[in-house]
Amino acid sequence: MATCKIKKGDSVKVITGKDKGKEGKVISVDAKNAKVTVEGVNMVTKHTKPSAANPNGGIIQKEAAIDISNVMYVHKGKTTRIGFKVENDKKVRFAKSTGDVID
């Protein structure tokens, strides 16, 4: 299994599917199934039973997971691929389009 290059908190853009072109922040990453949940993307309608947190229950809108291959990292307003390199004995991510270190 390849290393997951997208992390929680990253800004990404959807490159294919029904939400193509939308940008958002990554809420969660499921590396095992190669899925990410992005803020405001792939919204689904969920019917919920009444609970302590939501006494009335009802219909709610929430984000569903999207395949990690359908999103691309956004660096300085443009989409870019991500690579890894070793700097000062530490493995870091870098934007392939500019060569800038991300974190």
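Over the ring of which residue does the charged end of Lys85 sit? In this predicted model, the ring belongs to Phe94, and the charged end of Lys85 is 4.9 Å from its centre. A second arrangement of this kind involves Lys91, which lies over the face of Phe84 at 4.5 Å from the ring centre. Aromatic rings thus take part in contacts with charged groups, whereas a search of the whole structure for aromatic pairs finds 0.

Lys85 also takes part in a salt bridge, in which its side chain meets that of Glu87 at 3.7 Å, N to O. Lys85 counts as partly exposed because its relative accessibility is 29%, a value between the limits of 20% and 50%. Glu87 falls in the partly exposed class as well, with a relative accessibility of 34%.

The count of salt bridges comes to 4. One of them joins Arg93 to Asp10, with the closest N and O atoms 2.8 Å apart. Arg93 belongs to strand E10 and Asp10 to the segment before E1, so this pair ties together parts that lie 83 residues apart in sequence. Both of these charged residues are buried. Another salt bridge is formed between the side chains of Lys22 and Asp19, at 3.2 Å from N to O. Its two members differ in their exposure: Lys22 is partly exposed, with a relative accessible area of 39%, while Asp19 is buried, with a relative accessible area of 10%.

The nonpolar interior was examined next. The largest nonpolar core has 11 residues in all, namely Ile6, Val12, Val14, Val26, Val36, Val38, Val41, Ile66, Val71, Tyr73 and Ile82. At least two residues of this core come from each of three strands, E1 (11-14), E3 and E7 (71-75). Tyr73, a member of the core, touches Ile6, Asp10, Ser11, Val12, Lys78, Thr79, Thr80, Ile82 and Ile102, when residues up to four places away in sequence are not counted. These contacts include Asp10, the residue that forms a salt bridge with Arg93.

Strand E3 (residues 35-38) also contains Thr37. This threonine counts as buried because its relative accessibility is 13%, under the limit of 20%. Leaving aside residues up to four places away in sequence, Thr37 touches Lys25, Val26, Ile27, Ser28, Glu63, Ala64 and Ala65. Among these contacts is Val26, which is part of the largest nonpolar core.

Two residues lie in the segment after strand E10 (90-95), namely Asp100 and Lys96. Asp100 is partly exposed, at 27% relative accessibility. Its contacts, not counting residues up to four places away in sequence, are His75, Lys76, Arg93, Phe94 and Ala95. With His75, the contact is a polar one between the two side chains, at 3.3 Å. Asp100 therefore touches Arg93 and Phe94, residues already described in a salt bridge and beneath the charged end of Lys85, respectively. Val41 is a residue of the largest nonpolar core, and 27 Å separates its C-alpha atom from that of Asp100, 59 residues apart along the chain.

Lys96 counts as partly exposed, with a relative accessibility of 43%. Apart from residues up to four places away in sequence, Lys96 touches Thr80, Arg81, Ile82 and Gly83. One of these, Ile82, is a member of the largest nonpolar core. The C-alpha atoms of Lys96 and Gly57 are 46 Å apart in space, and the two residues are 39 residues apart in sequence.

Backbone geometry was also considered. Most residues other than glycine have a negative phi. Asn42, which is not a glycine, has a positive phi near 60°, and Asp89 likewise has a positive phi of about 60°. Asn42 is found in the loop between E3 and strand E4 (43-48), whereas Asp89 is placed in the loop between strand E9 (82-87) and E10. Asn42 is buried, at 16% relative accessibility. Asp89, in contrast, is exposed, with a relative accessible area of 80%.

Technical notes:
Residues numbered from 1 in each chain as written. Predicted model: local features only at pLDDT ≥ 70, side-chain atom pairs only at ≥ 80, totals over all residues. Heavy atoms only, no water. Helix = DSSP H or I, 4+ residues; strand = E, 2+ residues; numbered from the N terminus. Buried < 20%, exposed > 50% of the residue type's maximum accessible area, 1.4 Å probe, protein only. Contact = heavy atoms within 4.5 Å. Polar contact = N/O pair within 3.5 Å; in protein donor to acceptor, adjacent residues only side chain to side chain. Core = buried A, V, L, I, M, F, W, Y, C linked by side-chain atoms within 4.5 Å. Phe/Tyr/Trp six-rings, centres within 6.5 Å; stacked < 30°, edge-to-face > 60°. Lys NZ or Arg CZ within 6 Å of the ring centre and 35° of its normal.
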